[in-house]
Amino acid sequence: MPTLTINGQSVQAAEGATILDAARAASIDIPTLCWYPRLPTAGNCRICLVSVEGAAKLLPACATPAADGMTITTESDAAVANRRSVLAMLLERYPADQIPEGGARNEFETLVRRYDVPTARRSMLGPRTGDSRAADPIIQHDMSTCILCTRCVRACEDIQVVGVLEVAARGEHAEIIVGADGNPEHAGCTWCGECVRVCPTGAIHDILPLAKFRAGAMDQPDRVVRSVCPYCGVGCQIDLHVRGTDVVRVTSPWIEEATPNEGSLCVKGRFGTDFILHRDRLTTPLIRRGWRRDEQGAWTFDATRDGAEAYPHRGGPWESIRGEGPSAKKRPQTNPLRRLPTGDSPLGDPRDRVATPDAWYAPFREATWEEALELTAQQLARLRDTHGPDSLATFQSAKCSNEENYVLQKLFRAGIGTNNVDHCTRLCHSSSVSAMQRALSTSAASGSMREVEKESDVIFILGANTTESHPVFGAAIKRAVKRGATLIVADPRRIELAARADIHLQMVPGTDVALLNAMLHHILAEGLEDRAFIAARTHGFDAVREAVGPYTPEMAEGITGVSAALIRRAAVAYASGPRSATLWAMGLTQHHTGTDIVTSLLNLMLACGMIGSWGKAMIPIRGQNNVQGASDMGAVPFAYTDYQRVDDPSVRAMYAAAWGVDAERLSLKPGRKVTQIVGADSPVRGMYIMGENPMMSDPDVSHAEEWFRGLEFLAVHDIFLTETARYADVVLPGASFAEKTGTFANTERRVQLFDQAITPPGQARQDLEILLDLSRRLGVATPYRDSAGVQDEIATVTPTLRGVSHARLREHRNGLQYPVPHAEHMGTDFLFADRFPTPDGRATLVPVQYLPPAELPDAEYPYFLNTGRQMYHWHTGTMTRRSTALDAREATPTVELNPADAVAMGVADGDEVLVTSRRAQIRISVRVSDRVARHMVFVPMHYREAAANLLTNPALDPYAHIPEFKVCAVRVEPATVAAGAPATAGR
């Protein structure tokens with residue numbers, strides 16, 4: 001390792017380091033402008049030039065290798081004179097008159113002040129121009145302050161791997177522009193804000209749109225609070241800028257912090273959190289009209305009182321979701337998948353967008369917290385005592401913290417006596433859980449996202465549109481491909497990663513088992529299996545070998561539509577690795593054979609030994625920000641925390657002792673799952689729902705609406721009056737992520753602390769406070785005052801989290817990956833190096849056979865329907881459709897239709913069609929797209945007015961009871977125009 005002297009200080013540099021690297025490692029400041037960590041070195045700004053003894057000229061510190069014996073002076077007279085000259089030259093085209101007197105607004109102006117560069121002199125040349133998006137509601141541009149450092153260009157290309165920006169022209173005409181035809185949509189812009197993050201002058205800058213309605217909101221913040229993004233399972237850390245009582249801006253941590261996102265964010269994380277400021281926020285408890293309290297304190301419902309007679313007990317002045325489906329829709333403004341003109345999209349006041357209709361509040365009256373909680377506790381106790389504990393159930397929330405989920409499942413198990421506890425994992429990864437528990441006795445990811453990016457030789461990703469659903473991880477995968485990793489994508493749609501893949505296995509929907517069995521068949525035929533791993537680490541291989549025997553690639557070609565040659569090529573690439581990562585999401589799991597599909601993937605992975613060592617990550621990519629944590633906390637019907645079975649008497653005894661209740665109070669009978677709770681044979685008469693929206697997320701929404709209308713009592717705890725909350729008896733206004741403190745666990749088992757930045761609006765209360773108050777009313781001991789105390793109790797009953805506390809997470813702000821077995825343990829990067837958490841340490845391979853989807857196209861319903869997420873929205877749209885930036889990008893539901901099908905049908909972009917399944921019909925606008933194959937359509941899941949789950953098939957996986965969201969048969973036809981009505985609604 002070379003040793004050099006910098007400013008008289010002896011510095012040891014790493015092999016291959018530059019002078020700048022060595023100086024930064026020693027905390028010696030050398031100014032830079034074009035240089036930025038992890039970007040390719042440009043060396044064009046000349047700000048970092050330093051004096052090196054014996055060198056004939058100044059040398060760029062960012063591009064000069066550190067050599068043994070070098071003597072360097074960073075602030076020599078020559079270096080300082082050079083910097084002053086460069087800065088003066090850059091000021092020639094800069095609005096120097098806007099630099100604050102004696103101050104600076106940005107990194108560039110700070111250097112101007114540091115080196116005392118005169119700001120009065122201006123060139124005859126006009127201000128610089130370039131990329132300008134005057135109507136853009138997300139990213140703002142003022143290219144008059146651009147200094148052509150090209151950070152934005154390199155960040156877009158090398159961090160996001162999109163390449164939207166480029167340098168046009170030369171000399172005095174040079175400027176930063178959007179590539180292609182100048183339209184950022186056509187160039188592939190995702191509005192991630194990476195260019196904003198790296199810009200040293202603010203030429204490209206961001207706004208949190210609602211902040212512009214607050215006076216002085218963009219001034220210096222009062223404080224900056226570290227939090228965790230409330231959207232996907234990547235677990236990006238974010239910094240909330242607070243001024244007064246509002247979050248006015250979101251930025252990302254420094255790129256060199258070891259956060260899961262390394263400082264990157266996607267459009268949702270950077271620009272999509274203004275939903276917390278929306279005027280729709282619930283600010284006071286609501287009680288349905290008709291509920292009254294008598295002199296003895298007993299609550300009863302009287303449909304003749306307080307205006308309740310205007311509506312049925314569970315009704316209101318709204319159209320059912322089924323009723324909204326066939327209505328005409330607003331015409332979409334653009335199609336980012338095609339090169340069409342992009343018009344202006346005036347937003348108006350964003351606080352009015354997607355507002356809850358005033359009429360939705362009519363069946364309710366405002367109430368005090370005492371009334372609302374007394375009514376809730378009394379009705380839960382009444383149903384428990386008169387109809388038994390299993391007459392009640394709770395839906396918990398993957399959007400709420402570990403601590404909140406722990407307290408709510410404790411409340412229902414210890415206070416009610418039922419295991420009817422579940423959350424949205426039932427609708428996304430429950431088939432992964434069932435398959436992984438059977439094979440590995442765990443359901444957590446084995447590895448890390450950065451491991452995949454930096455170490456995996458092959459990345460096999462199945463049914464996961466990662467660049468849209470988990471964009472920061474998607475960018476990491478693109479960087480892995482750029483460094484040379486082989487990418488195999490199995491997906492019926494030609495998503496972005498499929499277009500970048502070395503191999504795209506575009507199978508017929510629902511035929512994954514045939515595909516994966518055929519890959520394993522070929523691997524065995526070629527002798528590419530890992531025989532040593534199979535012999536030492538697994539059971540059941542011979543049965544699987546026999547089961548895949550008939551699945552030749554030719555047989556699979558006939559089922560899947562993927563050529564036998566491509567199946568063979570993918571199989572060899574995956575098995576040859578040598579380090580293959582295996583990633584999947586809901587495209588694999590949301591099938592009536594979801595457990596079989598994941599099982600066949602686990603068989604392939606285990607047979608090839610692609611688990612248990614660095615670079616061989618297994619990651620079921622979790623959908624919501626805390627779906628992993630909610631599952632870990634026991635928000636599932638069969639287990640307490642850490643997946644400790646509720647039907648194990650010894651486990652029950654341990655929890656009873658910890659909670660201070662009689663063991664008999666805790667049921668040994670596993671509870672009902674989400675999809676069973678709403679079943680026709682369900683005994684459930686009352687529910688408590690926290691942060692879930694089953695009226696939109698359940699399959700066959702019409703059935704869900706009808707079932708919920710039949711409940712005796714429904715309490716909904718949320719931040720908005722959702723489609724589900726409007727049917728409630730009691731609505732409890734909770735807190736957003738920015739208004740509380742707690743922990744989330746991301747998709748790679750990383751537990752992270754997020755801190756309260758602002759207070760809940762109005763009379764809304766923090767979720768934990770609500771749950772603790774309700775717990776006390778139902779006789780459940782709550783020996784803690786805050787979320788830190790709850791986490792301390794979690795650690796006592798959860799072996800993998802023994803060493804996790806809020807104090808440790810404050811010390812290790814980048815989080816701890818569990819297992820963390822004790823207070824000195826630093827977490828676990830990857831799992832299963834030596835054994836699996838099974839009784840004998842071995843995994844079990846389970847033979848599975850291909851079964852077709854429960855519903856296939858026919859002459860009457862000739863199209864496959866696929867459902868899923870879009871880039872700019874999330875799940876049921878409760879948060880994202882109240883975000884100005886996100887709703888501006890995708891304000892209208894659309895159905896993706898193959899160009900050839902569109903021509904045959906006689907429809908074009910923006911035209912309305914009717915999509916009809918055997919259950920319902922929706923009216924929706926066309927988005928022509930070659931991402932979908934012929935005779936296949938894709939409908940996003942986020943829009944109430946065209947709810948995809950009206951159409952989906954409620955057929956359930958027999959093990960996990962997950963619905964078949966991904967495959968059903970539909971008919972698509974041009975919408976019939978009603979007499980006298982326009983074909984489409986106006987904008």
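In which loop is the place of P578? In this predicted model, P578 has its place in the loop between helix α20 and strand β23, the strand that covers residues 580-584. The peptide bond that leads into this proline, from G577 to P578, is cis, and its omega angle is near 10°.

From that loop it is natural to step back to helix α20 itself, which spans residues 564-576 and is paired with helix α16, residues 512-525, in such a way that the two axes come within 9 Å and cross at roughly 65°. Angles of 65 to 115 degrees count as roughly perpendicular, and α16 and α20 are therefore roughly perpendicular to each other. The crossing of these two helices is right-handed. On the side of α16 the contact is made by L515, A518, M519, H522 and I523, while α20 contributes I567, R568, A570, A571, V572, Y574 and A575. Sorted by class, the residues of this contact divide into ten nonpolar, one polar and one charged.

Helix α20 also has a second partner to consider, for the axis of helix α19, residues 553-560, comes within 8 Å of the axis of α20, and the two cross at roughly 115°. Here too the crossing is described as right-handed, with α19 passing α20. The residues that make this contact are P553, E554, A556, E557 and T560 from α19, together with A564, I567 and R568 from α20. By class they divide into four nonpolar, one polar and three charged. A reader who follows I567 and R568 through the structure will find these residues of α20 in the contact with α16 and again in the contact with α19.

Another pair of helices can be read in the same manner. Helix α11, residues 430-440, and helix α22, residues 594-607, pack at an angle of about 45°, and their axes are 8 Å apart. Are α11 and α22 parallel or oblique to each other? An angle counts as roughly parallel under 35 degrees and as roughly perpendicular from 65 to 115; α11 and α22 are therefore oblique to each other. In passing α22, helix α11 makes a right-handed crossing. From α11, the residues S431, S432, S434, A435, M436, R438, A439 and L440 meet G594, T595, V598, T599, L602 and L606 of α22. The contact of α11 with α22 has, by class, seven nonpolar, six polar and one charged residues.

Besides contacts, a structure can be examined for the space inside it. Rolling a probe the size of a water molecule over the atoms shows where empty space is left. In this model the count comes to seven cavities of 30 Å³ or more, and the second largest cavity has a volume of about 130 Å³. This second largest cavity is lined by 14 residues, of which C156, V164, C189, C192 and C195 are the closest to its centre. Its lining divides into nine nonpolar, three polar and two charged residues.

Finally, some details of the backbone in other loops deserve a look. The peptide bond from Y818 to P819 is cis, with omega near 5°, and P819 lies in the loop between strands β30 (816-817) and β31 (843-844). A169, which is not a glycine, has a positive phi of about 65°, and this alanine is found in the loop between β7 (165-168) and β8 (175-178). D700, likewise a residue other than glycine, has a positive phi near 50°, and its place is the loop between α26 (694-697) and α27 (701-709).

Key:
Residues numbered from 1 in each chain as written. Predicted model: local features only at pLDDT ≥ 70, side-chain atom pairs only at ≥ 80, totals over all residues. Heavy atoms only, no water. Axes fitted to C-alpha atoms, helices over the stretch in contact; angles between N-to-C directions. Helix = DSSP H or I, 4+ residues; strand = E, 2+ residues; numbered from the N terminus. Parallel < 35°, antiparallel > 145°, perpendicular 65-115°, else oblique. Left-handed = near helix turned anticlockwise from the far one by under 90°. Contact = heavy atoms within 4.5 Å. Nonpolar A, V, L, I, M, F, W, Y, C, P; charged D, E, K, R; others polar. 1 Å grid on protein atoms, 1.4 Å probe; cavity = no way out; pocket = protein on both sides within 12 Å on 5 of 7 lines; lining within 4 Å. Points joined across faces, edges and corners; volume = space filled by probe spheres on them.
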